[in-house]
Amino acid sequence: RVSRGMNGLALANKWTGGHTPYGLDVGLNHLGDRDAVRNEEEIEVFKEMLERVLKGATTSEIAHDLNSREVTTKRNSKWTASAVTRLFSHGRHWVGHRTHRGETSCDEHGEPFIAPHGQLVDPAKFYAAKEIIKARNAKHVGNAKGPKVSRQRGKSLLASLTMCNEC
């Protein structure tokens, strides 16, 4: 029953509850419904992060700077490079899309719903910064016998570098 109710809310472009992402708070939207609403202070911090990534700053440099200025995360923790990266990798709300169970909520025509809070940042800048971070985080391991191959999570450190006689 609860799952059906949540799916119904997602299909009606309504907030389904849960963790409120950075840049948003819980409040009443322009229709008077309980919804995720803009947190302008957090949006400004993210816009600064976005601009810095586009200018070449690393996520570690950004995290260090925010911590030195005592700017905290949504849960009042210190920033880490991973936390900054997650804002870009899990942040469809920045471009105004609703998500439910990790998927972008869409209307009956397959178009993404635009949440009442709207776009929080310029989508072109967001996706450009996201690609920069993704490219930086792509780890490659050199292989003397062939091209560079990506290391896969959960594999042995030497999995792509050594072979047994039977392989």
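## Aromatic pairs, a nonpolar core and helix 5

The structure holds 5 aromatic pairs. Keep in mind as you look around that this is a predicted model. A quick reminder before the examples: a pair of aromatic rings is described by the distance of the centres and the angle of the planes.

Let's begin with Tyr-22 and Trp-79. Their ring centres are 5.3 Å apart and the planes stand at 85 degrees; since an angle over 60 degrees counts as edge-to-face, this pair is edge-to-face. Where do these two residues sit in the chain? Tyr-22 belongs to the loop between helix 1 (2–11) and strand 1 (24–28), while Trp-79 belongs to the loop between helix 3 and helix 4, so the pair ties together parts that are 57 residues apart in sequence. Tyr-22 and Trp-79 are both buried.

Now turn to Phe-88 and Phe-126, whose aromatic pair is stacked, with 6.1 Å from centre to centre and 10 degrees between the planes. This pair, too, links distant parts of the chain: Phe-88 is in helix 4 and Phe-126 in helix 5, 38 residues apart. Are these two rings buried or exposed? Phe-88 has a relative accessible area of 1%, so it is buried, and Phe-126 counts as buried at 1% relative accessibility. Ring pairs also join Phe-88 and Phe-126 with Phe-46 and Tyr-127 in a cluster.

Some of these names come back when you look at the nonpolar core. In soluble globular proteins, nonpolar side chains tend to be buried together. Here, the largest nonpolar core has 26 residues, and the members that touch the most others are Phe-46, Met-49, Trp-79, Leu-87, Phe-88 and Trp-94. Two or more residues each come from helix 2 (40–54), helix 3 (59–68), helix 4 (81–89) and helix 5 (123–137). Helix 2 gives the most, with 6 residues. Phe-46 is a good place to zoom in: beyond its neighbours within four places in sequence, Phe-46 is in contact with Leu-87, Phe-88, Trp-94, Val-121 and Phe-126.

Next, follow helix 5 from end to end. With 15 residues at 1.5 Å a residue, helix 5 should span 21 Å, and its end C-alpha atoms are indeed 21 Å apart, which agrees. Which residues of helix 5 are buried? They are Phe-126, Ala-129 and Ile-133. These three cover an arc of only 70 degrees around the axis, so they lie on the same side of helix 5. The general geometry helps here: an α-helix has 3.6 residues a turn, so residues three or four places apart point the same way. The buried residues of helix 5 pack against helix 2, helix 3 and helix 4, whereas Ala-124, Lys-134 and Ala-135 are exposed on the other side of helix 5.

Finally, two residues are partly exposed. Ile-132 is in helix 5 and counts as partly exposed because its relative accessibility is 29%. Not counting residues up to four places away in sequence, Ile-132 touches Val-53 and Leu-54. The C-alpha atoms of Ile-132 and Leu-54 are 7.6 Å apart, although 78 residues separate them along the chain. Lys-47, in helix 2, is partly exposed because its relative accessibility is 32%. With residues up to four places away left out, Lys-47 touches Leu-120 and Val-121. From the C-alpha atom of Lys-47 to that of Asp-122, 75 residues away along the chain, the separation is 9.2 Å.

Note on methods. Residues are numbered from 1 along each chain as its sequence is written. This is a predicted model: local features need pLDDT of at least 70, side-chain atom pairs count only at pLDDT 80 or more; totals for chains, interfaces and linings use all residues. Side-chain values use heavy atoms; hydrogens and water are left out. A nonpolar core is a set of buried Ala, Val, Leu, Ile, Met, Phe, Trp, Tyr and Cys residues joined through side-chain atoms within 4.5 Å. Buried means under 20% relative accessible area, exposed over 50%, partly exposed in between (1.4 Å probe, protein chains only). Helices (H or I, at least four residues) and strands (E, at least two) are DSSP runs, numbered from the N terminus. Contact means heavy atoms within 4.5 Å. Rings of Phe, Tyr and Trp (its six-membered ring) pair if their centres lie within 6.5 Å; planes under 30 degrees apart count as stacked, over 60 as edge-to-face and the rest as tilted. The expected span of a helix is 1.5 Å times one less than its number of residues. The arc is that of the directions from the helix axis to the C-beta atoms.
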